[in-house]
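Q: Hi! Could you walk me through this one? I'd like to start with the ligand site and then move on to the cores.

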Amino acid sequence: MQVLIAGAGPVGLSAANVLADAGVELLVLEAEPRLPENLRASTFQPPTLDLLARFGATAQLIDMGRVAPQVQYRDRSGWVAELDFGVLKGDTEHPYRVQCEQYKLNQVLAARLGAARVRYGATVTAVEQEGDGVSVTVNDVERLRAQYVIGADGGRSRVREALGIKLEGFTWPERFLVASTPFDFAQVMPGLADVSYFADPQEWFFLLRVRDVWRAMFPTRAEESEADILSDASIERRLQRAYAKGSRYELAHRTLYSVHQRVAETYRRGRVFLAGDAAHLNNPLGGMGMNGGIHDAFNLAEKLAAVIRGEKPEETLAHYEPQRRPVALEYVNTITIANKRNLEMRDPQEQRRWRAELAHAMVDRAAHRELMLKISMIASLRKYECA
Ligand SMILES: Cc1cc2nc3c(=O)[nH]c(=O)nc-3n(C[C@H](O)[C@H](O)[C@H](O)COP(=O)(O)OP(=O)(O)OC[C@H]3O[C@@H](n4cnc5c(N)ncnc54)[C@H](O)[C@@H]3O)c2cc1C
């Protein structure tokens with residue numbers, strides 16, 4: 001085997017498709033017995049759509065999801081600032097976000113790879129560097145060897161642990177609740193964009209529409225118990241505060257999850273690389289975690305393919321970490337933390353500063369484009385790709 005990939009998430013499967021298209025022999029090892037269908041990220045940013053288009057996956061995401069050309073910032077009193085990805089027409093083939101559940105991308109990417117390249121029920125339990133290769137233990141018993149290994153096995157990465165790499169940063173005290181409902185908020189909130197953030201120092205929230213449901217995200221208080229947060233009554237109270245509709249909300253799905261801002265101290269040990277959540281975790285405000293992970297996957301897999309095919313020297317692999325780690329550290333971390341702070345901001349002066357910045361972007365095309373280049377993650381790719 002030339003490359004073994006731990007994890008059949010969006011990151012592992014993107015890397016696997018790049019490598020398979022380049023004719024590299026690879027195997028994806030996935031711990032679960034089948035592809036998980038849990039609801040997690042659902043925002044695909046413009047440059048991610050540009051990358052996935054080469055697999056034909058972007059057209060399928062558009063079919064299965066919803067094109068979202070605008071993003072809005074609002075408050076409960078009726079203030080609205082709207083930004084438009086259309087200003088990026090000259091910068092991307094896809095000047096919009098697509099909202100679609102990430103597991104649907106995984107299904108498309110796994111089907112494209114073919115059954116022989118993904119092994120389910122295969123947990124990577126140990127990883128050891130061995131001279132000119134890497135030895136990977138599966139389910140504690142079987143040993144496989146490869147020239148290179150990609151750890152795309154998520155936030156609790158066993159690969160990262162086996163290499164003794166620390167995930168540095170912090171965990172927010174509050175967890176985030178996501179509740180989905182078929183209730184159509186756009187019918188009762190005139191002009192509501194499919195991605196809308198509501199600022200409120202007491203309880204901000206975020207409404208995001210996928211194909212058939214709206215997902216509402218709320219912060220929770222550190223002292224609330226998981227059972228309380230996920231109870232019908234408590235979710236109902238939060239949704240009624242977002243929009244008091246009088247009757248009960250129908251719930252399609254609920255998840256509570258811990259939120260981190262953490263980056264691995266290194267993305268590489270010898271012939272083993274980390275990518276995606278295994279390498280970095282951030283809060284979901286801005287829809288950057290999965291997208292940044294997919295950008296890691298393309299960057300790394302293209303380099304590995306070129307080195308394995310003898311088109312580029314081995315030193316090419318040294319560029320992966322300087323091109324991708326600063327994006328997680330300086331860019332995604334900074335923007336997602338700022339997004340959270342802006343939504344929960346109490347200081348009136350700071351609130352005015354943020355609103356003035358958005359108001360300026362709405363009337364000044366150059367400022368609008370500059371902001372959208374950042375929000376869409378195009379700026380992060382351009383700044384570091386030639387590092
Ligand atoms: C509950 C939850 C909700 C989320 N919601 C949002 C959201 O609303 N918005 C947002 O932007 N982001 C969200 N995220 C983050 C987003 O889902 C991730 O950034 C994205 O999934 C990262 O992709 P990945 O491929 O790196 O990792 P993952 O998607 O986690 O995939 C890793 C894969 O590796 C497998 N695996 C794990 N350990 C092993 C092992 N030892 N051996 C083999 N396989 C293994 C797992 O089963 C999994 O299939 C959420 C994350 C979680 C956990």
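Q: By class, what residues make up the shell around the ligand?
A: The shell has 13 nonpolar, eight polar and seven charged residues. Do keep in mind that this is a predicted model.

Q: Which residues are the closest to the ligand?
A: Val-11, Glu-30, Gln-102, Val-124 and Asp-277 are the closest, out of 28 that surround the ligand.

Q: And what lies 3.1 Å from an oxygen atom of the ligand?
A: One answer is a backbone N or O atom of Val-11. Arg-40 also has a side-chain N or O atom 3.1 Å from an oxygen atom of the ligand. On the nitrogen side, a polar backbone atom of Leu-29 is 3.5 Å from a nitrogen atom of the ligand.

Q: How much of the ligand does the protein bury?
A: The protein buries 84% of the 1000 Å² that the ligand exposes when taken alone.

Q: Which elements give two or more residues to that shell?
A: Those are helix H1 (10-21), strand E17 (214-219), strand E18 (253-257) and helix H9 (289-308).

Q: Changing topic: which residues touch the most other members in the largest nonpolar core?
A: That core has 74 residues, and Val-3, Ile-5, Leu-19, Leu-29, Phe-44, Leu-52 and Ile-150 touch the most other members. H9 gives the most to this core, with 10 residues.

Q: What is Phe-44 in contact with, leaving aside neighbours within four places in sequence?
A: Its contacts include Leu-49, Leu-52, Leu-61, Tyr-96, Gln-102, Met-290 and Ile-294.

Q: What about another core?
A: Apart from the largest one lies a core of 33 residues, including Tyr-197, Phe-206, Trp-354 and Ile-375.

Key:
Residues are numbered from 1 along each chain as its sequence is written. This is a predicted model: local features need pLDDT of at least 70, side-chain atom pairs count only at pLDDT 80 or more; totals for chains, interfaces and linings use all residues. Side-chain values use heavy atoms; hydrogens and water are left out. A residue is near a molecule or strand if one of its heavy atoms lies within 4 Å of it. A polar contact is a pair of N or O atoms within 3.5 Å; within protein, one must be able to donate a hydrogen and the other to accept it, and residues adjacent in sequence count only if both atoms are side-chain atoms. Accessible areas come from the Shrake-Rupley method with a 1.4 Å probe; for residues, only the protein chains shown count as cover. Helices (H or I, at least four residues) and strands (E, at least two) are DSSP runs, numbered from the N terminus. Ala, Val, Leu, Ile, Met, Phe, Trp, Tyr, Cys and Pro count as nonpolar, Asp, Glu, Lys and Arg as charged, and the others, Gly among them, as polar. A nonpolar core is a set of buried Ala, Val, Leu, Ile, Met, Phe, Trp, Tyr and Cys residues joined through side-chain atoms within 4.5 Å. Buried means under 20% relative accessible area, exposed over 50%, partly exposed in between (1.4 Å probe, protein chains only). Contact means heavy atoms within 4.5 Å.
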